[in-house]
Amino acid sequence: MSGVHIWAKAVMAGAAVMVLAACQSPPVIQQQDAAGSVAGPGPRRMALDLPTPWGGELRCGTQGCRLVAVEHEPSTVVLHQVGPGRGVARLLDRQKVAYHPDSAVWLADDLVAAAVEESTSLDIFRVQGERLVPVEQIKLGFAPRDLIVVRAGDGRYQLLATPYKGTGVAWVDYAPAHTGPDRVQVTTRSWCQTPWHPVPVSRAPGAPAGGLAVACLDGQEVSFLPHTDLRGAPRTLLKVPSTSRIVPRQARPS
């Protein structure tokens, strides 16, 4: 393919990177410039009190920079204030959820969603001041591993949840300000075996407008959906031979 490669491994770059470490060491945030170099003088990293983090997202908005994350084994969703000074991070709130939350994302400056295994749900929280206030639970029918925001605008959110195990994924159309039947709509689809860590890509073979790539952990493949047909059937970009020791756990564009 020309111009872009999709690898079955992780590559991280950008203005701010959160590194989710194993339980032996605390997660760190590295401040980087646009070229990917660690920015300026002062501390290159800050350690956070965040045991067994499985997912999270840093967002800078009206309240400064805040990190929402899940603590997998303690089964909590946490909110940290990052900055404004270098090397400064402060725990704001920690909320208990059902067993084994796996990922968390920002929907807006004051709205957060977390994927929780045991409750087979997306748990929604409103950020009020320095608190995470539970709002509602959106049932999916399977234990979710990953959650990403595919589209957002005018108070409406299109979310994609993929499973910890199995083939079922859920498209969630969520309009929290609405009161009618279109407030929450969940549509399930069947993908490859154990699709983990879906990621947007700007283009792919036969799809110049891009779409979503996903590593299929147990299906031994990397699959793709074009933006023009996100709710259709994925097609295979790469099939890993059964004799290979490679396990496609996470796909990222170069």
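Is cysteine 216 buried or exposed? In this predicted model, cysteine 216 counts as buried, because its relative accessibility is 0%. That residue is a good way into the structure, since it takes part in a disulfide.

**The two disulfides**

The structure holds two disulfides. Counting the bonded cysteines along the chain, the pattern is 1-2, 3-4. Here they are side by side:

| Disulfide | S to S distance | Angle about the S-S bond | Handedness |
|---|---|---|---|
| cysteine 60 to cysteine 65 | 2.0 Å | 105° | right-handed |
| cysteine 192 to cysteine 216 | 2.0 Å | -80° | left-handed |

Let's begin with the pair that includes our opening residue. Cysteine 192 and cysteine 216 are joined with an S to S distance of 2.0 Å, and their link is left-handed, with -80° about the S-S bond. Cysteine 192 sits in the loop between strand 16 (184-190) and strand 17 (195-201), while cysteine 216 belongs to strand 18 (residues 211-216), so this disulfide ties together parts that are 24 residues apart in sequence. Like its partner, cysteine 192 counts as buried, because its relative accessibility is 9% and the cut-off for buried is under 20%.

Now for the other pair. Cysteine 60 is joined to cysteine 65, and this link is right-handed, with 105° about the S-S bond. Cysteine 65 is partly exposed, because its relative accessible area is 24%, and partly exposed covers the range between the buried cut-off of under 20% and the exposed cut-off of over 50%.

**A cavity lined by cysteine 60**

Cysteine 60 has a second part to play in this description: Cys60 is among the residues that line the largest cavity. How many cavities of 30 Å³ or more does a search of the whole structure find? The search finds one. The volume of the largest cavity is about 60 Å³.

Which residues line the largest cavity? The lining is made up of Arg59, Cys60, Gly61, Thr62, Gln63, Gly64, Arg66, Trp106 and Asp109. Sorted by class, these are two nonpolar, four polar and three charged residues.

You can also look at the lining strand by strand. Strand 5 (53-61) and strand 6 (64-71) each provide at least two of the lining residues. Strand 5 contributes the most, with three residues.

To find these features in the structure above, try starting at Cys60, which lines the cavity and is bonded to cysteine 65. Then look for cysteine 192 and cysteine 216, the other bonded pair.

Notes. Residues are numbered from 1 along each chain as its sequence is written. This is a predicted model: local features need pLDDT of at least 70, side-chain atom pairs count only at pLDDT 80 or more; totals for chains, interfaces and linings use all residues. Side-chain values use heavy atoms; hydrogens and water are left out. On a 1 Å grid over the protein atoms alone, a cavity is a set of points where a 1.4 Å probe fits but cannot get out, and a pocket is an open set with protein on both sides within 12 Å along at least five of seven lines; lining residues have an atom within 4 Å of a point. Grid points are joined across faces, edges and corners, and a volume is the space filled by probe spheres set on the points. Helices (H or I, at least four residues) and strands (E, at least two) are DSSP runs, numbered from the N terminus. Ala, Val, Leu, Ile, Met, Phe, Trp, Tyr, Cys and Pro count as nonpolar, Asp, Glu, Lys and Arg as charged, and the others, Gly among them, as polar. A disulfide is a pair of cysteine sulfur atoms within 2.5 Å. Buried means under 20% relative accessible area, exposed over 50%, partly exposed in between (1.4 Å probe, protein chains only).
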